[in-house]
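Me: Please take a close look at one part of this protein, beginning with a loop residue and its backbone, and then follow the strands and the wider setting. A connected account would suit me better than a list.

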Amino acid sequence: MNTAATNQTPLAPSTETPSAVKPLKPLKIGNVEIGFPIVQAALSGYSDWPMRVIAKRLGAPYTICEVMLDEFLVNLKERKRTSHFLHISDEEEPVGGQLMGAEPDQFAAGAVKLVQAGFHIIDINFGCPVKKVLGRCRGGFHLSQPAVALEIIQKTRDNVPSEIPVTVKMRRGIDDTEESRDQFFEILDGAFAIGVDAITVHGRTVKQRYVGPSKWEFLKEVKQHIGDNLLLGSGDLFTAADCLAMIDQTGVDGVTVARGAIGNPWIFNQARALAAGKPLPDPPTLHQQKEVLLEHYRLAEELYGPDRVGRLMRKFGIKYAILHPEHDAVRSAFVKVANMDQWKVALDQFYSADGPGCHPNGKMHKAQSSNQHCG
Ligand SMILES: Cc1cc2nc3c(=O)[nH]c(=O)nc-3n(C[C@H](O)[C@H](O)[C@H](O)COP(=O)(O)O)c2cc1C
């Protein structure tokens, strides 16, 4: 049970660049060198190969694939329609594979499939708050049953080769009760005792889903509690300054950028600049955005093929629109895209003339969040 003192001062994303920049400690998870400690989170429906490659090229040192079901992995056949889930390339190394499930033996078998597919780190999802997932005793449900959660971690660690790090993603509890808090610390301490290499904590409860702030002071408390063990923080990282502020205010060893990276992969290089004591770079110009939008589409077409790509890219276009001064009009244009020609028409209409882009503001990301997200 945790007895660390609670910091009662609410910590929160900063609106300013931290004035005195402390050098960031490079991140190493197990034997995997990550380096810069601001990485891209697992994002169901988003962090596929194209998104990860773009993020990597724009400064993300490590990215995590969207969560997969253990059952899906265990039964996976060499089918063209599903092969994209396991597609990774040398350029993205290191990349994490994440999975969720209910039953320890099947979970471990699914984890082995991720290793065979080439993922460099295996991440266990104990955070998903989606109703259907909880109803099937997966994801965040495990925060209410430490014994099963720890059995999953133990079996996964036992079956994944020792050179591959195993990590865990958790929310700060099922809810705000004392019981939930005790269960959180039982899993946290037990996981490190088993030998997991890092834990990511999203500072919201499962019950909270995405409503209300991520409790950064809880992350600070957890870091103080675990000492030298590795903690990554998650929640409310919408700007590069937020990422540095979380590290500064909570002492976490790294942060995972989630909603803040969708449509804004530039956040990683912006954070690198701030961490080096430089001013915040200007947001990408419209021409710089256009280049990335084209490349993202091209990578997605390579992965999914011309028939599926158009519809799949809509959700990304909508998020990229946040960086355009006419974001509502750009958003509406991307909503209708069905193929590369229409994507190019939208780009010609809104990105032909160069001009300054906008920095995103957190409210836009929050406004677009729903309860159907998986962590
Ligand atoms: C669209 C979406 C999909 C997500 N999918 C996953 C996922 O597959 N695995 C996971 O661990 N977390 C997932 N999450 C949770 C994020 O990784 C992150 O913990 C959460 O969004 C809090 O960070 P933020 O407030 O900075 O967005 C998802 C979140 C969103 C918004």
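Reply: In this predicted model, Asp236 counts as buried because 23 other C-beta atoms lie within 10 Å of its own, and the threshold for that class is 20 or more. Asp236 belongs to the loop that links β10 (231-234) to α8 (240-250). Its backbone deserves attention as well: the phi angle of Asp236 is near 65°, a positive value in a residue other than glycine. As a rule, residues other than glycine mostly have a negative phi, and peptide bonds are mostly trans.

A second loop residue offers a useful comparison. Cys137, which is not a glycine either, has a positive phi of about 60°. It is located in the loop between α4 (131-135) and α5 (146-159). Its surroundings contain 14 C-beta neighbours inside 10 Å, and Cys137 is therefore classed as partly exposed, whereas Asp236 is buried.

A further backbone feature leads to the strands. The peptide bond that joins Glu93 to Pro94 is cis, with omega near -5°. Pro94 is part of the loop between α2 (70-74) and β6.

Which residues of strand β6 point to one side and which to the other? Val95, Gly97 and Leu99 occupy one face, Gly96, Gln98 and Met100 occupy the other, and every one of these residues is buried. Strand β6 covers residues 95-100, and because six of its six residues are buried, the rest of the structure largely encloses it.

The partners of β6 can be taken in turn. Strand β4 (residues 63-64) pairs with β6 in the parallel sense over two bridges, and Thr63 stands opposite Val95. Strand β5 (residues 68-69) also runs parallel to β6 and is joined to it by two bridges; here Leu69 has Met100 as its bridge partner. Strand β7 (residues 121-126) is a parallel partner of β6 too, with four bridges between them. In that pairing, Gly97 of β6 is matched with Ile122 of β7. Between these two strands the chain passes through helix α3 (residues 104-117), and the resulting β-α-β crossover is right-handed.

From β7 the pairing continues to β8, with five bridges joining these parallel strands. Ile124 has Val168 in β8 as its bridge partner. How are the side directions of β8 divided? Val166, Val168 and Met170 point one way, while Thr167, Lys169 and Arg171 point the other way, and all of them are buried. The buried set thus includes Lys169 and Arg171. Since six of six residues in β8 (residues 166-171) are buried, this strand is largely enclosed by the rest of the structure.

Strand β9 (residues 198-202) runs parallel to β8, and five bridges connect the two. Thr167 stands opposite Ala198 in β9. The route from β8 to β9 leads through helix α6 (residues 178-194), in a β-α-β crossover that is right-handed.

The wider setting comes next. According to the domain assignment, the protein has domain 1 (27-275) and domain 2 (286-351). Their centres, taken over C-alpha atoms, are separated by 28 Å. Ten residues of domain 1 make contact with twelve residues of domain 2. On the domain 1 side of this contact, six residues are nonpolar, four are polar and none is charged.

The ligand is surrounded by 25 residues, the closest being Ala42, Ala258, Arg259, His373 and Gly375. The shell around the ligand comprises eight nonpolar, 13 polar and four charged residues.

Finally, Val21 lies in the segment before β1 (27-29). Because Val21 has 14 other C-beta atoms within 10 Å, it is partly exposed. Leaving aside residues up to four places away in sequence, Val21 touches Leu274, Ala275 and Gly277. By contrast, Val21 and His287 are 31 Å apart in space, C-alpha to C-alpha, and 266 residues apart in sequence.

Methods. Residues numbered from 1 in each chain as written. Predicted model: local features only at pLDDT ≥ 70, side-chain atom pairs only at ≥ 80, totals over all residues. Domains from an automatic or database assignment. Contact = placed C-beta atoms within 7 Å. Nonpolar A, V, L, I, M, F, W, Y, C, P; charged D, E, K, R; others polar. Near = placed C-beta within 6 Å. Buried ≥ 20, exposed ≤ 12 C-beta atoms within 10 Å, placed from the backbone. Pairing = 2+ DSSP bridges. Right-handed = clockwise from strand over helix to strand, strands pointing away.
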